[in-house]
Amino acid sequence: MDFTVHEACRLLEAQGALHRRQGGSPDGFVAFIRALLGDQMPADLEAFYREGVEAIGDFRAILPKWNERPERRREGMLRALLPAQAVPIFSDGAGSLYGLDLSSGAASPAVYFFDHEDLFERPRWAAGSSLGHFLLLLGRHDQAIAEGCPAGWERSIDPDIESCPRAPPIWRAG
Amino acid sequence: MAGLQELQEVAHPKGIEDWMEQRRRDVAASWRSPAEILSHQRPLQPITLPRTPGPGAPSRTAHQSPFQDPELVELRREQAAFKDVVRAESRRNSWMAIPALAPIAVPLLAEGVSLLTGRLAASQLKRLATNQLTQEAASVPSPLTEIERNVVRAAARKRIAQANGTPASKIDGEVHHRVALRFAHLFPNADPNRLANLIPLMREAHLIASRSEADFVRALAGRTPTQAEIVAQAMRLDKLIEPYVLRVGVSRPPPLPRK
């Protein structure tokens, strides 16, 4: 079953796992990000920014510092993964990043994990076959570890995770 | 003077002159010339040494050999017969040596057995040590898998949240492992999430730490670092990132210097 970003956010919000940022104009914010990324903005990514997601559980979204006054805007980590053809969307809370793939040019690209020990040079493992699936997996992440779910539990939420082109899923990444 | 004459008469009753005359006659009677002495001496017997015959000399014949002396031959025969008898008696009585030598032989035998056993044991120990080394080499823990790292990172977030009363993400921070997870397997007896190894850090400072660690790994050129090297690197890094460590209740650290 496919999940759009909007559907995933609604589901996570209903579970109390999703936190949204307060205030601000989504149009101006999206335009600012589009300018930073050089018009490389997949439809899923724009939908994600329009949802105004700030955090899912302990995982905080990677967002630029937005201000109505242009001189007070800060890009933050938004372009940290551009050399690896990706846009960071979430931090793992320990220095590494989840990034949306830009190399495929698809409207709904896959999400990968980039390890800070590699200096974000390459994706380590696939974190979701689409942004909608990834958000659901992220919302279930800590609970699955706490419950000791077996390797590959992600398949029950994202059946296509093994077909991500740039990296294997975590249980096959070594 | 009368006393002196009496003494001389006692010692030499015929007078000193008579005594001296008598002495002179005795010496003259016993005196012999060197020639007379030599003539009275026994003539020296020539010493005959056995010589190896020269090329021109006639070889020793059988009748000239000293071993052909009948007495000597008889003596040699008797000696040989006696030796044979002694040898036969020794063989016949050799069993008597067993109780006599037993007190010495028993400890020697025991030592020999222990030496042999010791050598065998040493070789066994050597083999065992080699096996243990091989097993230890094989049992050197391999680096954490991606799944294990993922679990460790999640546990680190929870531990910092528990220790500080709030998650690091709430204070715009990330959890930094002083000893990076790529080296966690080199500290098999240490918990990678021990509080001494976890630091809540500004995200930008975490990038500095990541770059420094990448430089450290590059300098190793594929070599596995020692624990001391890893800890020394962590301590170097502590000095770099110390101003950007986040502490609950303390105002945010100053911004990072611009390049």
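**Close-up views of a predicted two-chain model**

**View 1. Two strands of chain A pair up.** Strand 1 of chain A and strand 2 (residues 53-56) of chain A run antiparallel to each other and are joined by 3 bridges. Want one pair to look for? A:Arg20 has A:Val53, in strand 2 of chain A, as its bridge partner. Keep in mind that everything shown here comes from a predicted model.

**View 2. The open sheet with three strands in chain A.** Step back a little, and strand 3 joins the picture: 3 strands of chain A make an open sheet, with antiparallel pairing and the order 1-2-3. Which strands stand at the edges? They are strand 1 (18-20) and strand 3 (59-60) of chain A; each has a single partner strand, so one side of each has no neighbour in the sheet.

**View 3. Chain A from start to end.** Here you can follow the whole chain, which has 4 helices and 7 strands. Along the sequence, the pattern of chain A reads α-β-α-α-β-β-β-β-β-β-α. How much of the chain is buried? Of the 174 residues in chain A, 44% are buried. Now look at who touches whom: among contacts in chain A with a separation of 6 or more, 53% are between residues 24 or more positions apart.

**View 4. The open sheet with four strands in chain A.** This sheet has 4 strands, again in chain A, lined up in the order 4-5-6-7 with antiparallel pairing. Strand 4 (86-91) and strand 7 (123-128) of chain A are at its edges, and each pairs with a single strand, so one side of each is left without a neighbour in the sheet. From one strand to the next, the twist averages 35°. Zoom in on the middle of the order: strand 5 (residues 97-101) and strand 6 (residues 111-114) of chain A run antiparallel, with 4 bridges between them. One pair to find is A:Leu97 with its bridge partner A:Phe114, in strand 6 of chain A. And what packs on this sheet? Helix 4 of chain A does, touching strand 4, strand 5, strand 6 and strand 7 of chain A, and its direction makes about 90° with that of strand 7 of chain A.

**View 5. Helix 6 of chain B, from end to end.** This helix covers residues 146-164 of chain B. Its 19 residues, at 1.5 Å a residue, should span 27 Å, and the end C-alpha atoms are indeed 27 Å apart, so the two values agree. Just past the helix, B:Gly165 takes a positive phi of about 85°.

**View 6. Two faces of helix 6 of chain B.** The buried residues of this helix are B:Arg149, B:Asn150, B:Arg153, B:Ala154, B:Ala156, B:Arg157 and B:Ile160. Because they cover an arc of only 150° around the axis, they sit on the same side of helix 6 of chain B. Turned away from that buried side is a face with the exposed residues B:Gln162 and B:Ala163. What do the buried residues pack against? Their partners are helix 4 (131-146) of chain A, plus strand 1 (173-177) and strand 2 (198-202) of chain B.

**View 7. Where chain A and chain B touch.** Chain B puts 23 residues into the contact, and chain A puts in 21 residues. On the chain B side, the elements giving two or more residues are helix 6, strand 1 and helix 7 (203-220) of chain B. Helix 6 of chain B supplies the largest share of that side, 8 residues. Sorted by class, the side of chain B that touches chain A has 9 nonpolar, 6 polar and 8 charged residues.

Key: Residues numbered from 1 in each chain as written. Chains lettered and ligands numbered in written order. Predicted model: local features only at pLDDT ≥ 70, side-chain atom pairs only at ≥ 80, totals over all residues. Pairing = 2+ DSSP bridges. Buried ≥ 20, exposed ≤ 12 C-beta atoms within 10 Å, placed from the backbone. Contact = placed C-beta atoms within 7 Å. Expected span 1.5 Å × (residues − 1). Arc of directions from axis to C-beta. Axes fitted to C-alpha atoms, helices over the stretch in contact; angles between N-to-C directions. Nonpolar A, V, L, I, M, F, W, Y, C, P; charged D, E, K, R; others polar.
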